[in-house]
Amino acid sequence: MTIEFAAAAGSADILALLVHDGQPLAGPAAAADAAAGGALARAQAASRFTGGARSTLSVLAAPGVEAGHVLLTGAGAADKFDDLALETAAGQAYHAVKTSGGAVLAIDLSHLSPAQAARAGFAVQLAAYRFDKYLTKQKPEKLPSVKTVRIVTGDVEAARAAHAPMQAVAEAVHFARDLVAEPANVLYPAEFARRVKALEPLGLKVEILGEAEMEKLGMRLLLGVGQGSVRESQLAIMRWDGGKAGDAPIAFVGKGVCFDTGGISIKPAQGMEDMIWDMGGAAAVAGLMHALAGRKAKVNAVGVLGLVENMPDGNAQRPGDIVVSMSGQTVEVINTDAEGRLVLGDALWYTQEHFKPKFMIDLATLTGAMIISLGLDYAGLFSNSDELADNILAASPRVGENVWRMPMPAQYDKIMDSKQADMRNSAGRDGGSITAALFLQRFTNGVPWAHLDIAPTAWVKDSQRPTVPDGPVGWGVRLLDRMVQDSYEG
Ligand code: BES
Ligand code: MN
Ligand code: ZN
């Protein structure tokens with residue numbers, strides 16, 4: 001599917017026109033209705049379509065309109081029509097007609113700004129994501145017929161220019177989604193590292209550490225998680241130097257558990273297949289770095305991915321094992337299924353030690369308890385820095401990736417203490433996401449840090465957003481790209 005910008009709909013098969021909820025046809029919709037002798041307004045009056053968000057009405061063979069298929073597209077309330085509402089309308093228009101048989105969909109936004117036209121093109125790209133490489137028997141009528149989406153705008157050049165960085169972000173989100181969707185027999189740590197290494201032509205520098213190198217660094221927490229797997233653990237280090245030479249970088253750290261069986265503390269069979277997406281944090285960081293490089297962001301950034309597979313095995317880590325972390329702190333492994341914090345403990349320590357970053361943000365599908373706390377449409381935000389947390393919270397509503405700040409009470413910290421070691425990796429169910437965050441905090445060495453527990457949001461099963469089809473979300477790429485752009489560039 002390609003996006004193009006044009007001054008007119010031309011010979012498009014389908015013409016989508018925005019209608020605000022409860023409002024008469026206006027702008028391009030009013031013009032088309034006039035050309036059709038009022039047929040569009042009559043069609044609307046004959047239906048329940050009022051212009052509500054995520055609703056559409058197809059009008060076929062309207063007289064006086066070149067396109068055989070006019071799609072009245074609900075844009076929601078006129079006074080709530082922001083960029084996200086526009087994204088929803090554009091994405092919904094695509095979904096409504098993607099398998100209709102038409103090849104070219106024009107969305108007439110000539111009454112809006114070129115930046116809004118660009119945004120609509122971006123939304124359609126996100127909406128059109130599919131992961132169907134393993135479907136060998138798809139019925140032709142179920143495959144998208146729409147091959148071109150033409151956004152009609154008053155200033156084609158300006159729309160194209162505004163769309164270029166969005167194109168980079170869309171590609172990055174798709175890259176992250178593909179990583180999240182791949183099953184664990186295909187995407188194991190070394191394959192993940194290869195795919196990240198292949199991004200170097202974008203201008204990223206990528207270094208991959210294997211087990212021998214991590215052993216030398218003393219990263220026993222991370223290595224302990226991977227020691228039951230025949231797949232070699234990896235640490236992928238991505239750098240984007242788009243800022244001033246010598247400026248301390250901003251840093252992003254991702255949990256990349258390519259499959260989480262739970263290890264010896266094995267998970268129940270029911271739903272275990274979901275754990276192919278336990279690398280959603282690492283995918284988001286890789287996607288973010290892709291986005292920053294793709295749009296040549298004016299910032300120095302590093303991404304560090306802890307890539308492991310958590311398996312039960314004769315060589316697997318046992319409950320009760322005591323492990324020395326890279327920081328020197330010792331950890332009693334109570335539950336081998338609380339593995340994400342072990343991986344991140346060493347990855348965070350490595351990141352602050354090697355890069356002396358301005359701040360670190362980690363993303364992780366860390367705890368099932370986060371889903372219990374917030375439900376499926378919010379990620380949990382934990383931070384030792386109000387400034388950093390506020391910058392994330394400010395970006396969130398602009399991209400529709402919801403976060404809720406969680407407390408990190410000092411009086412809960414001692415819950416993670418152990419009698420036999422400096423700390424334990426698991427302690428009861430109470431406040432499970434909070435105690436996990438407090439565990440991570442012990443590896444931040446006081447650097448400004450935020451932790452996003454994305455267990456609720458990495459994968460969506462019943463999507464309410466046209467731009468986020470069911471499946472892998474790539475959650476965090478847009479949020480952090482927006483935050484970097486708004487708070488840390490220029
Ligand atoms: N990867 C899981 C968390 C998870 C659960 C993510 C469901 C997405 C959906 C994590 O490694 C885990 O197993 N956490 C345990 C922690 C517990 C043993 C302290 C959990 O949530 O039960
Ligand atoms: Mn686990
Ligand atoms: Zn996990």
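## From a lysine in a loop to a pair of metals

Start by selecting Lys356: outside the four places on either side of it in sequence, lysine 356 touches Ala248, Pro249 and Thr351 (contact means heavy atoms within 4.5 Å). Before you click on, remember that this is a predicted model, where local features need pLDDT of at least 70 and side-chain atom pairs count only at pLDDT 80 or more, while totals for chains, interfaces and linings use all residues. Residues are numbered from 1 along each chain as its sequence is written, chains are lettered from A and ligands numbered from 1 in the order in which they are written, and side-chain values use heavy atoms, with hydrogens and water left out.

**Stop 1: Lys356 and Arg54**

Stay with lysine 356 and turn on the cartoon: you're in the loop between α10 and β13 (360–364). Helices are DSSP runs of H or I with at least four residues, strands are runs of E with at least two, and both are numbered from the N terminus. Now look at the backbone: the phi of lysine 356 is near 40°, a positive value in a residue that isn't glycine. Is this side of the loop buried or exposed at lysine 356? Lysine 356 is exposed, at 57% relative accessible area (buried is under 20%, exposed over 50%, partly exposed in between, with a 1.4 Å probe and protein chains only). For a sense of scale, draw a distance to histidine 69: the two C-alpha atoms are 57 Å apart, with these positions 287 residues apart along the chain.

Next, select Arg54, another non-glycine residue with a positive phi, here about 70°. Arginine 54 belongs to the loop between α2 (39–45) and β3 (56–60). Its relative accessibility is 41%, so arginine 54 counts as partly exposed.

**Stop 2: Ala293 and helix α6**

Jump to Ala293, which is part of helix α9. At 1% relative accessibility, alanine 293 is buried. Show what surrounds it: beyond four places in sequence, the contacts of alanine 293 are Leu202, Leu204 and Trp240. Label alanine 168 as well, because you can check a long-range pair here: its C-alpha lies 8.4 Å from that of alanine 293, although 125 residues separate the two along the chain.

Now colour helix α6 (residues 189–197) and pick out its buried residues, Pro189, Glu191, Phe192, Ala193 and Val196. What do these buried residues pack against? The partners are α5 (156–181), β7 (205–209), β8 (234–241), β9, α9 and β10 (300–310).

**Stop 3: the manganese ion**

Select ligand 2. The manganese ion is coordinated by Asp260 (OD), Asp337 (O), Asp337 (OD) and Glu339 (OE) at 2.0 to 2.2 Å. Donors are N, O and S atoms within 2.8 Å of the metal (3.2 Å for Na, K and Ca), and water is not among the atoms, so sites may look incomplete. Read along the chain, the donors of the manganese ion are spaced D-x76-D-x1-E. Here a pair links distant parts of the chain: aspartate 260 sits in strand β9 (residues 250–260) and glutamate 339 in the loop between β12 (330–332) and α10 (340–355), 79 residues apart. Aspartate 260 is buried at 3% relative accessible area, and glutamate 339 is buried at 1%.

**Stop 4: the zinc ion**

Slide over to ligand 3: the manganese ion and the zinc ion are 3.2 Å apart, with aspartate 260 coordinating both. The protein donors of the zinc ion are Lys255 (NZ), Asp260 (OD), Asp278 (OD) and Glu339 (OE), at 2.0 to 2.4 Å. Their spacing in sequence is K-x4-D-x17-D-x60-E. This site has its own distant pair: aspartate 278 in the loop between β9 and α9 (280–294), and glutamate 339 in the loop between β12 and α10, 61 residues apart. Both aspartate 278 and glutamate 339 are buried.

**Stop 5: the cavity**

How many cavities of 30 Å³ or more does a search of the whole structure find? There is one, with a volume of about 50 Å³. To frame the cavity, select its lining: Gly224, Val225, Gly228, Gly263, Ile264, Asn310, Met311, Ala316, Gln317 and Thr336. A cavity is a set of points on a 1 Å grid over the protein atoms alone where a 1.4 Å probe fits but cannot get out, and lining residues have an atom within 4 Å of a point. The volume is the space filled by probe spheres set on the points, which are joined across faces, edges and corners.

Technical notes
1 Å grid on protein atoms, 1.4 Å probe; cavity = no way out; pocket = protein on both sides within 12 Å on 5 of 7 lines; lining within 4 Å.
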